[in-house]
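Student: Could you take me through the aromatic residues here? I'd like a close look at how their rings sit against each other.

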Amino acid sequence: MDDFKDSPTALVADVDCTAGGESLCSKHEVGGYPTIKYGDPAELKDYNGGRSYDDLKKFASENLGPTCGPGENLGLCDAKTKAKIEGFVAMSLDKLEGKIRKATKDFEVELPIMKKALAYVKKSDL
């Protein structure tokens, strides 16, 4: 971990899920130990590769780094994504939170209903 201690773009850390890190582990659905996660802190992914230092370092150099997003990484976005992000950033906090609530509802409520309807239509076409 010392190799990354002063990195401006990478955080390598260990968390004790049985002590002070329990809420963090719960939030990121850590169910077994040791667990390695990577990616955007708001949306961490499970790492399933090799566990040696060389395996981890190779994975990091090939897969990790700055990604498209608001702020200093906006230049990494394609034109369409950049325009969407700029539109979201320009919204009021209330409007943006409302859009998030609607998208969450669409995903959690509407999508399962649409999938059931699709399965029914496919079955009816047979």
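Tutor: Here's a walk through the aromatic pairs and the residues that make them. Bear in mind that this is a predicted model, where local features need pLDDT of at least 70 and side-chain atom pairs count only at pLDDT 80 or more, while totals for chains, interfaces and linings use all residues. Residues are numbered from 1 along each chain as its sequence is written, and side-chain values use heavy atoms, with hydrogens and water left out.

Searching the whole structure turns up two aromatic pairs. Rings of Phe, Tyr and Trp (its six-membered ring) pair if their centres lie within 6.5 Å; planes under 30 degrees apart are stacked, over 60 edge-to-face, and the rest tilted. Y38 and F59 make an edge-to-face pair, with 4.9 Å centre to centre and 80° between the planes. That pair ties together distant parts of the chain, since Y38 belongs to strand β1 (residues 37–38) and F59 to helix α2 (residues 53–63), 21 residues apart. Helices (H or I, at least four residues) and strands (E, at least two) are DSSP runs, numbered from the N terminus.

Then there's Y47: its ring centre is 4.9 Å from that of F59 and the planes are at 65°, so this pair is edge-to-face. Again distant parts of the chain are linked, as Y47 lies in the loop between β2 (45–46) and α2, twelve residues from F59 in helix α2. Put together, Y38, Y47 and F59 form one aromatic cluster.

How about exposure? Y47 is buried at 6% relative accessible area, whereas Y38 is partly exposed at 23%. Buried means under 20% relative accessible area, exposed over 50%, and partly exposed in between (1.4 Å probe, protein chains only).
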